[in-house]
Every structure is written in structure tokens, then in C-alpha cells.
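User: I am new to this structure and would like to be guided through it with questions and careful answers. Could you start once the model is in view?

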Amino acid sequence: SNGQALPSWLSFNAATETFAGTVSTGMASLTLKVTATDVSGLVGSETFGVTIPAAAPSVTAQTANQTWLQGQKVSLALSAKAFTDPQSETLTYTARQSNGQALPSWLSFNAATETFSGTVPTTGMESLILKVTANDTSGLSAAETFGVAVPVAKAPTITAQTANQIWLQGQKVSLTLPAKTFTDPQSEALTYTASQSNGQALPSWLSFNAAAETFSGTVPITGTASLTLRVTATDASGASTAETFGVAVPAAVAPTVTAQTASQ
């Protein structure tokens, strides 16, 4: 109606008096003018409006349900095509729990990078349903929801019990725990500590390297009683399990005469 040609996506067939085309994205509404000219050169025209309402974004790559472990560091980026806008309008994002409450304090959402991050608490954490909403510049929106399961942490288990030991007085000790002494059901990293089974620290002559899971030292030649040692494995969720094993330190026995030398 302003005298400009039809947009490139729209054509008019004068013979059939038909408009045809496919509405392009980002297209504003139009006012069209049709002019009829008779053989005498006289004209008449009509104008009519074409409304092209904005369409809401749509979910095009649904975020999968998640399983996050207690104590786990979380970094979850939405798919680049989680949402698509029919008009290719810029989208802005917000995230909340599906019940409308804010995200828990340990979890944050970066709208610019579309990423969730945080560290799951080691206790008291229940599963969540999260809702991400995409808003376009026309004020229209779409939302997706996905679940986050936070299973209760299970303590490590003993899968290769350390055998009881016999260490002799004066012996140099180097005992490495079996590679699979403990296994964590959630495959969390384990940290180790060692003490006597009564809770007392290791005797001064015996040390434990937690990184190598190795006991080392030299058994004193006198005054050493047998021990019961405890090794505790603690996972990233704070759950722990301990094994105990005995160390027998038999008293030294003096040599005996087994072949008397004859008098000379």
C-alpha cells in the first residue's frame, strides 16, 4: 500500500488473481494494495491487511533427565538447539524448579552460557525437577522440564580384604593394600586413613601413605606387641567403610644349640 513492490517471498499472479508464497521468518505484518485497470485506462483499487503474528519458540532438543551424585561437581550446558524461535528472534533464558521455586542455593544457572553449575550437597539432597524458559523479543515463551535424580550415597564396600600379617622384630615392612580393597558403588574417588582398631594412632615406627595405600616402617627388636590395624575408605559423599586386619609380632626366640661342638 506504500507503493513498494511485494516482498520477495510473495508473488501475485494477475491472470488467476492469486497471491502465493511462503512467509519468511522475521516478517512484519503488511498492507497490500490490488489495483484493477480497465481497457479505458480507468482504475480502482482495494487495500487489505495481512497480519503475521509472532510465533512462540519451540523446544527442539529436549534436555535429558540427569543423575547427579551427592558431592558431585555439576556442569550441565543446554544443547545449542534446545529452543528454536520461528522468527529467529533473540532468546533469553531463565531457570527455576518446576514448582516455581528458585533453584536451590547450591545450584546456579548462567543465562548467557545456558549452563547449570554447582556442587551437590553430601547430605539432605532430594531429587529435583528443573524448568528452563526461553523468551523471545516478542514476549512469547516456551519451557522445557527435566528431572534430576540424586540417589542416596552408598558407602564403599570391602572387595579384597587385607590378609592378617606376621612381622618379625627388626623386619622392614612395606605392605601395599590390594588394588581393589575397597570399591565405591558410585565410582567416587576414595581417600584413606589408617589407625589402630582401638582408635589410637599408628605406633611411631609405622607410617601409612594414603596416596600409595602403603604401610612402611621397621618393627622394633624389643617391646613390640601384636597389632590390629584399621584402614578407612571415605568417598566424595562422606560415606565410609573400614576393614581391620591383624599383625602378629612374635617374640624373638634365642638360638638353640642343635649340634654341640665336641671338646678338643
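Analyst: Two terms come up throughout: two strands pair if DSSP finds at least two bridges between them, while helices (H or I, at least four residues) and strands (E, at least two) are DSSP runs numbered from the N terminus. This is a predicted model, in which local features need pLDDT of at least 70 and side-chain atom pairs count only at pLDDT 80 or more, whereas totals for chains, interfaces and linings use all residues. Residues are numbered from 1 along each chain as its sequence is written, and side-chain values use heavy atoms, with hydrogens and water left out.

User: In the sheet with the order E16-E20-E19, which residue is the bridge partner of serine 174 in E20?

Analyst: The order E16-E20-E19 describes an open sheet of three strands with antiparallel pairing, and its edge strands, E16 (172-176) and E19 (206-209), each pair on one side only. Neighbouring strands here are turned by 15° against each other on average, direction ignored, where axes are lines fitted to C-alpha atoms (for helices over the stretch in contact) and angles run from 0 to 180 degrees between N-to-C directions. E16 pairs with strand E20 (residues 214-218) in the antiparallel sense over five bridges. Within that pairing, the partner of serine 174 in E20 is serine 216.

User: In the open sheet with the order E7-E11-E10, which residue of E11 does serine 75 stand opposite?

Analyst: This open sheet of three strands also has antiparallel pairing, and strands E7 (73-77) and E10 (107-110) stand at its edges with a single partner strand each, so one side of each is left without a neighbour in the sheet. Five bridges join E7 to the antiparallel strand E11 (residues 115-119). Opposite serine 75, in E11, stands serine 117.

User: Which glycine takes a positive phi in the hairpin of E12 and E13?

Analyst: Strand E12 (residues 128-135) is joined by six bridges to the antiparallel strand E9 (residues 92-97), where tyrosine 93 stands opposite alanine 134 of E12. E12 also pairs in the antiparallel sense with strand E13 (residues 141-149) over eight bridges, and asparagine 135 stands opposite serine 141 of E13. The hairpin of E12 and E13 has five residues between the strands, and the residue that takes a positive phi, near 85°, is glycine 139.

User: How far apart in space are leucine 130 and lysine 172, C-alpha to C-alpha?

Analyst: Leucine 130 has its place in strand E12 and is buried, with a relative accessible area of 0% (buried means under 20%, exposed over 50%, partly exposed in between, with a 1.4 Å probe and protein chains only). Not counting residues up to four places away in sequence, leucine 130 touches residues including Trp68, Leu103, Phe116 and Phe146, where contact means heavy atoms within 4.5 Å. Lysine 172 is 42 residues away from leucine 130 in sequence, and the C-alpha to C-alpha separation in space is 58 Å.

User: Is serine 195 buried or exposed?

Analyst: Serine 195 is found in strand E18, and, not counting residues up to four places away in sequence, this serine touches Gln200, Leu202, Leu229 and Arg230. With a relative accessible area of 17%, serine 195 is buried.

User: What is the angle between the planes of phenylalanine 182 and tyrosine 192?

Analyst: Rings of Phe, Tyr and Trp (its six-membered ring) pair if their centres lie within 6.5 Å, and planes under 30 degrees apart count as stacked, over 60 as edge-to-face and the rest as tilted; by this rule the count comes to ten aromatic pairs. One of them joins phenylalanine 12 and phenylalanine 19, a tilted pair at 4.7 Å centre to centre with 45° between the planes. Phenylalanine 182 and tyrosine 192, both buried, form a tilted pair as well, at 6.0 Å centre to centre, and the angle between their planes is 50°.

User: What is the radius of gyration of the chain?

Analyst: The secondary structure comes to zero helices and 22 strands, and along its principal axes the C-alpha trace spans about 160 × 40 × 25 Å. The globule rule (2.2 Å times the number of residues to the power 0.38, with the radius of gyration taken over C-alpha atoms) gives 18 Å for 264 residues. The chain is well over that value, so it is more spread out than a compact globule, with a radius of gyration of 39 Å.
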